[in-house]
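Trainee: I am new to this structure, so please pick a single part and take a close look at it with me. Please explain the terms as you go.

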Amino acid sequence: GHRRNDVVVLGETAAEAMTDGTTVYPVQQTKDGAIVYAENLPSKGYQVLRPTSGAAAETPFAVTEAGEGYTLETPFYTIQIDANGEFTSLFDKENDREVLQSGTTGNELRIYEDKPLQYSAWNLDIFHTEKSWKVEGVRRMEWTENGPVRATLEIEREVMDTVIRQQIHFYAKDRRIDFETYVDWKFAEHVLKVHFPVDVHSDEATFDIQFGNVTRKLHTNTSWDQARFEVCGHKWADISEGSYGVSLMNDCKYGYSMKNRVMTQTLIKSGTEPNLTADQEEHFFTYSLYPHAGTWREAGTEQEALNLNVPAKAVAGAAEKDRMEFLSVDKRDVVLETVKKAEDGDGVIVRLYECCNSRANVNLTLGFDFDDVYLTDLLENEERKLRKHGRTVNLTLKPFEIVTLKLK
């Protein structure tokens with residue numbers, strides 16, 4: 001629902017570059033197929049890329065050995081990685097600051113004993129933090145990719161028959177750091193968490209929820225705050241100070257803790273009631289770290305999280321036009337969330353919402369002709385007819401407002 005710059009997996013191709021007719025993008029070969037970083041991909045639409053010739057692009061990444069670990073230079077960061085595959089330093093070169101708290105490590109995986117007093121599949125009791133241990137046991141750590149699009153560090157760990165394999169992707173043109181993770185989980189009554197202690201000054205964090213977000217305090221001054229030791233969040237959570245912040249995003253994990261400014265995400269919980277072997281199986285998921293200038297609103301965390309959750313898809317073959325944009329909005333704080341056929345079969349339903357707790361005057365532009373547009377309720381009952389200007393509809397959304405339209 002927004003124009004994006006993003007990595008696209010092309011699959012099998014021998015092309016050294018791709019072009020959209022204006023810009024040439026270098027192609028990088030990986031074990032999972034060729035990838036390209038494409039720019040200005042249309043909202044709810046497609047862009048044709050064609051193979052082209054081009055000078056081989058050099059990698060912007062420099063990897064050097066540092067003791068038993070590595071130092072990585074990217075266009076955005078200088079990163080120190082220790083022998084356990086954890087970040088001992090994550091220095092943001094663009095903003096001239098260290099992201100992690102002094103004396104801590106980022107991407108620390110830790111297992112906690114989880115024996116709630118009741119309902120083990122649902123409850124996470126506050127005392128689960130009293131007993132835990134760090135995941136170590138690195139049996140392999142190697143750089144598997146280093147090209148013009150991204151560099152990838154692959155780490156494999158084993159702890160008590162549980163195998164954890166990560167591909168950490170660092171990008172040439174994106175500040176996001178992706179932790180693509182595979183776990184063959186063998187534990188019962190334990191939870192797996194990942195930790196990023198960030199050096200950001202704030203007493204609250206923001207958590208994405210359906211059609212908006214909420215803030216929660218990081219301190220435990222009251223009994224209510226103490227009870228919020230874990231908070232539900234959907235695509236992302238963020239801690240920001242006046243001019244800088246860090247977002248932690250995910251594609252399927254929804255439990256966060258932010259106490260003492262340690263960004264923590266619960267990755268696996270293996271209860272024993274009613275299923276004795278719940279979650280003792282293979283897991284595939286990705287979480288992402290996104291340090292940024294400004295607050296999450298200014299940094300476009302919502303859009304980055306959507307990019308992670310809805311990857312750009314490449315399809316081989318020609319299209320009717322080189323570029324098609326079905327629907328688009330001109331304000332970043334308005335999310336174009338739903339496009340569907342009307343339940344009564346008469347028209348197209350479009351649902352938008354405001355995500356930044358602010359008022360927004362937005363233009364919705366369509367890539368097709370239509371006769372009428374109606375404002376409806378959530379059940380798609382028509383409430384009133386709206387004015388249109390050609391293929392554009394102008395709307396004013398209140399903070400966090402959800403708007404449903406029917407186009408006929």
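**A cavity and its lining**

Mentor: Happy to! Let's start with the second largest cavity, whose lining residues divide into three nonpolar, three polar and four charged. Here Ala, Val, Leu, Ile, Met, Phe, Trp, Tyr, Cys and Pro count as nonpolar, Asp, Glu, Lys and Arg as charged, and the others, Gly among them, as polar. Before we go on, please note that this is a predicted model, where local features need pLDDT of at least 70 and side-chain atom pairs count only at pLDDT 80 or more, while totals for chains, interfaces and linings use all residues. Residues are numbered from 1 along each chain as its sequence is written, and side-chain values use heavy atoms, with hydrogens and water left out.

A cavity is a set of points, on a 1 Å grid over the protein atoms alone, where a 1.4 Å probe fits but cannot get out; lining residues have an atom within 4 Å of a point. Grid points are joined across faces, edges and corners, and the volume is the space filled by probe spheres set on the points. For our cavity, that volume is about 40 Å³.

Now find the lining: Trp 296, Arg 297, Gly 300, Thr 301, Glu 302, Gln 303, Arg 332, Asp 333, Cys 355 and Cys 356. Helix 2 (296–299) and helix 3 (301–309) each supply at least two of these residues, and helix 3 gives the most, with three. Helices (H or I, at least four residues) and strands (E, at least two) are DSSP runs, numbered from the N terminus.

For context, a search of the whole structure finds three cavities of 30 Å³ or more, and the largest holds about 50 Å³ of space. The lining of the largest cavity divides into six nonpolar, one polar and five charged residues, with strand 20 (212–217) and strand 24 (255–257) each supplying at least two.

One residue in the lining of the largest cavity is Glu 230. The side chain of Glu 230 meets Lys 193 in a salt bridge (3.5 Å, N to O), meaning a side-chain nitrogen of Lys or Arg within 4 Å of a carboxyl oxygen of Asp or Glu. Because Glu 230 lies in the loop between helix 1 (223–227) and strand 21 (231–232) and Lys 193 in strand 18 (residues 190–197), the pair ties together parts that are 37 residues apart in sequence. Glu 230 is partly exposed, with a relative accessible area of 24%, whereas Lys 193 counts as buried at 4%. Buried means under 20% relative accessible area, exposed over 50%, and partly exposed in between (1.4 Å probe, protein chains only).

Note on methods
1 Å grid on protein atoms, 1.4 Å probe; cavity = no way out; pocket = protein on both sides within 12 Å on 5 of 7 lines; lining within 4 Å.
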